[in-house]
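Reader: I should like to work through the fold and one of its pockets, step by step. Please begin once the structure is in view.

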Amino acid sequence: AIVDFALQRRGGSILKGFRHRRSQADPVVPLDYGLHQIVTDVTPESLGELAALRAEGVTSLKVYMIYEDDGLKVEDGALHALMGQAAKDDLMLVLHAENAGIIERLRAQAVAAGHTAPIWHARTRPPVTEIEAISRAILFSQDTGCPVHILHLAAAGALPLVEAARRSGVKVTAETCTHFLALDETALEHPNGHEFILSPPLRSKDNQRELWNALRSGVLSAVTSDEVSYSAAAKAMGAASFATVANGCTGIEARLPVLYTLGVAEGRISLSRLAEVFSTWPAEIFGFEKKGRIAPGFDADLAIIDPQARRSIGAATDYGDVGYNPYEGMSLTGWA
């Protein structure tokens with residue numbers, strides 16, 4: 001099973017965006033799937049569509065707190081109103097949490113000063129931009145009663161906020177991604193550093209260790225791919241400046257062997273914890289009632305892995321034709 005995204009375009013209908021994505025997927029997708037519905041325009045009309053969206057089987061609304069130039073950003077007032085209605089209609093939010101104001105100012109200053117190398121992508125998105133946005137989301141969740149799932153958490157400084165909120169009864173969960181567990185910001189200084197531009201950005205080795213600790217303790221509830229399959233050629237088109245590179249990286253195929261190798265084989269997490277963050281907890285969070293565990297009545301969706309077989313990963317071995325692999329050359333085990 002996989003959860004992808006449907007998009008409401010500004011000025012358009014939420015249900016229209018959902019049905020368009022269904023029309024694209026249903027004729028060709030051979031596995032069970034769900035959709036996060038991206039909401040970009042919070043109006044009385046769009047809020048009135050949420051109950052019907054939930055009746056279609058959607059459990060989660062995706063919101064961006066950034067990317068106004070792409071027509072995606074939802075301002076705080078609209079976000080708070082959306083969460084209030086979502087709580088009434090039994091929907092949760094999945095959130096791209098970054099502080100737009102700080103990032104936009106730092107990016108403009110960097111570009112104006114001629115700082116355009118890939119490493120400046122990380123320098124213009126410091127950890128505070130994530131931490132502040134996550135703190136805002138937690139407060140809105142507490143006030144509205146709307147469950148919130150923090151997508152692709154990279155800044156370890158936000159982990160105590162998530163942990164404290166959960167202990168106090170706020171309905172908040174968080175995930176991290178394979179790339180944050182396997183790579184760090186030094187990748188942005190490689191000759192192909194533009195291929196590692198994604199948001200939030202790769203962070204320090206020390207930060208990475210804290211993410212592993214949070215997986216082990218259960219503060220983080222999932223490890224996802226956040227797959228964005230721009231080709232190597234597409235990534236290279238904007239390589240003259242970090243500010244113009246297509247944002248995101250590939251990684252869904254690598255998720256299981258990377259997590260098994262760096263997590264289980266190297267002793268950072270247990271095999272049972274891998275099963276929880278890979279399958280069980282995501283299924284529970286997003287309401288997949290018959291998935292995520294091996295039990296009577298559940299779908300027999302089993303991934304069988306070989307914990308001994310080891311091979312190197314790279315663009316040449318990928319099933320897809322993306323043309324680059326952020327884990328190029330890594331020796332991995334735990335292949336399906």
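Reader: In what order do the seven strands of the open sheet lie?

Author: The model is a predicted one. Its seven strands form an open sheet in which the pairing is parallel. The twist averages 30 degrees from one strand to the next. The order of the strands is 1-2-3-4-5-6-7.

Reader: Which strands stand at the edges of the sheet?

Author: A strand at an edge has a single partner strand, so one of its sides is left without a neighbour in the sheet. The strands in this position are strand 1 (2-7) and strand 7 (222-224).

Reader: Over how many bridges do strand 1 and strand 2 pair?

Author: In this pairing, the bridge partner of Phe5 is His36 in strand 2. Strand 2 also pairs with strand 3 (residues 60-64), in the parallel sense and over two bridges, and Gln37 stands opposite Leu61 of strand 3. For strand 1 and strand 2, which likewise pair in the parallel sense, the number of bridges is six.

Reader: What is the handedness of the β-α-β unit made by strand 1, helix 1 and strand 2?

Author: Helix 1 packs on the sheet and touches both strand 1 and strand 2. The direction of helix 1 makes about 150 degrees with that of strand 2. Together, strand 1, helix 1 and strand 2 make a β-α-β unit that is right-handed.

Reader: At what angle does helix 4 run to strand 4?

Author: Helix 4 (residues 76-88) lies across strand 3, strand 4 (92-96) and strand 5 (148-150). Its angle to strand 4 is about 150 degrees.

Reader: Which element gives the largest share of the lining of the second largest pocket?

Author: This pocket has a volume of about 470 Å³. It is lined by 21 residues, with Tyr33, Gly34, Gly57, Gly287 and Phe288 nearest its centre. Helix 1 (14-25) and strand 2 (33-38) are the elements that give two or more residues to the lining. The largest share, three residues, comes from strand 2.

Reader: How many residues of that lining are charged?

Author: The lining of the second largest pocket divides into three classes, of which nine residues are nonpolar and five are polar. The charged residues number seven.

Reader: Which peptide bond is cis, and which residue has a positive phi although it is not a glycine?

Author: Most residues other than glycine have a negative phi, and most peptide bonds are trans. The bond from Ser199 to Pro200 is cis, with omega near -5 degrees, and Pro200 lies in the loop between helix 9 (178-182) and helix 10 (205-217). In the loop between helix 4 and strand 4, the residue with a positive phi, about 65 degrees, is Asp90.

Definitions and conventions
Residues are numbered from 1 along each chain as its sequence is written. This is a predicted model: local features need pLDDT of at least 70, side-chain atom pairs count only at pLDDT 80 or more; totals for chains, interfaces and linings use all residues. Side-chain values use heavy atoms; hydrogens and water are left out. On a 1 Å grid over the protein atoms alone, a cavity is a set of points where a 1.4 Å probe fits but cannot get out, and a pocket is an open set with protein on both sides within 12 Å along at least five of seven lines; lining residues have an atom within 4 Å of a point. Grid points are joined across faces, edges and corners, and a volume is the space filled by probe spheres set on the points. Helices (H or I, at least four residues) and strands (E, at least two) are DSSP runs, numbered from the N terminus. Ala, Val, Leu, Ile, Met, Phe, Trp, Tyr, Cys and Pro count as nonpolar, Asp, Glu, Lys and Arg as charged, and the others, Gly among them, as polar. Two strands pair if DSSP finds at least two bridges between them. Axes are lines fitted to C-alpha atoms, for helices over the stretch in contact, and angles run from 0 to 180 degrees between N-to-C directions. Contact means heavy atoms within 4.5 Å. A crossover is right-handed if, with the strands pointing away from the viewer, the path from the first strand over the helix to the second runs clockwise.
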